[in-house]
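Some labels used for protein structures rest on a value set against a cut-off. The questions and answers that follow go through such labels one at a time.

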Amino acid sequence: MLMRIEKQEFEEVIQKYSDVMLRCAFAYCENVADAEDVVQEAFIRYLKKSPHFREEEHRKAWLLRVVINLAKNLRRSFWQRNKSELSEDIPAGDNSLRKCEIWSAVQALPAKYKLVIELYYHEGYTIEEIAAITGSKRSTVGLRLTKAKELLKNIYEEESV
């Protein structure tokens, strides 16, 4: 295996993108251990392929695309479909009650909605960028974002009653 990536560069990439990759993987995997495995595999693929990117944003998009594909493959695997789930949470960063409530509500959403919420609100991607990262149409991403907002609104209305 020929490695063209310097150790320091690779460590910087890990430091810079591991958190966002873990959150995206968690959106699909719904448990920390599987999400960590997916992120590790994505970094291994990055190291093996040693891709060259014109811009840093392309590197981030490539890593997220790999994480999403690996997480989807894991969810479709026989092992994943035939195991019982344990509830786990990844801290949302700030420990304020409001952020914890929002994080819990987002975690209750199906994976396709969690991912667009994470990429749009937390990572600051536009709908067009999310479409490119996920391989979806712009309209699909927009609809998922709208549906996710409606689901979150319904969760809060139910809690208020």
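**Reasoning from values to labels**

Q: Why is L22 called partly exposed?
A: In this predicted model, L22 has a relative accessible area of 21%, and since buried means under 20% and exposed over 50%, L22 falls in between and is therefore partly exposed. L22 is found in helix 1, and its C-alpha atom is separated by 9.5 Å from that of L64, which is 42 residues away along the chain.

Q: What makes up the chain, in helices and strands?
A: The chain has eight helices and zero strands, so that, read along the sequence, its pattern is α-α-α-α-α-α-α-α. Of the 161 residues in the chain, 40% are buried, and among the contacts between residues at least 6 apart in sequence, 70% join residues at least 24 apart.

Q: How do you know that the span of helix 6 agrees with its number of residues?
A: Helix 6, residues 111-122, has twelve residues, which at 1.5 Å a residue should span 16 Å, and because its end C-alpha atoms are 15 Å apart, the two values agree. Just after helix 6, G124 takes a positive phi of about 80°.

Q: Why does K114 count as buried?
A: The relative accessibility of K114 is 2%, and the cut-off for buried is under 20%, so K114 counts as buried. K114 has its place in helix 6, where the buried residues also include A111, Y113, L115 and V116. Leaving aside residues up to four places away in sequence, K114 touches F26, A27, E30, V106, Q107 and L109.

Q: What makes helix 1 roughly antiparallel to helix 6?
A: The axes of helix 1 (residues 7-29) and helix 6 cross at roughly 160° and come within 8 Å. Angles over 145 degrees count as roughly antiparallel, and that makes helix 1 roughly antiparallel to helix 6. The crossing in which helix 1 passes helix 6 is right-handed. On the side of helix 1 the residues that meet helix 6 are R23, C24, F26, A27 and Y28, and on the side of helix 6 they are A111, K114, L115, E118, L119 and H122. By kind, the residues of this contact divide into seven nonpolar, one polar and three charged.

Q: Why are helix 6 and helix 7 called oblique to each other?
A: Helix 6 and helix 7 (residues 127-134) pack at an angle of about 130°, with their axes 10 Å apart. An angle of this kind is neither over 145 degrees nor within 65 to 115 degrees, nor is it under 35 degrees, and helix 6 and helix 7 are therefore oblique to each other. Their crossing is right-handed. The contact is made by L115, V116, L119 and Y120 of helix 6 together with I127, I130, I133 and T134 of helix 7, and these residues divide into seven nonpolar, one polar and no charged.

Q: How do you know that S50 is buried?
A: S50 has a relative accessibility of 6%, and because buried means under 20%, S50 counts as buried. S50 lies in the loop between helix 2 (32-49) and helix 3 (56-76).

Q: What can be said of the phi of S50?
A: Most residues other than glycine have a negative phi. S50 has a positive phi of about 45° although it is not a glycine.

Definitions and conventions
Residues are numbered from 1 along each chain as its sequence is written. This is a predicted model: local features need pLDDT of at least 70, side-chain atom pairs count only at pLDDT 80 or more; totals for chains, interfaces and linings use all residues. Side-chain values use heavy atoms; hydrogens and water are left out. Helices (H or I, at least four residues) and strands (E, at least two) are DSSP runs, numbered from the N terminus. The expected span of a helix is 1.5 Å times one less than its number of residues. Buried means under 20% relative accessible area, exposed over 50%, partly exposed in between (1.4 Å probe, protein chains only). Axes are lines fitted to C-alpha atoms, for helices over the stretch in contact, and angles run from 0 to 180 degrees between N-to-C directions. A crossing is left-handed if the near helix is turned anticlockwise from the far one by less than a right angle, and right-handed if clockwise. Contact means heavy atoms within 4.5 Å. Ala, Val, Leu, Ile, Met, Phe, Trp, Tyr, Cys and Pro count as nonpolar, Asp, Glu, Lys and Arg as charged, and the others, Gly among them, as polar.
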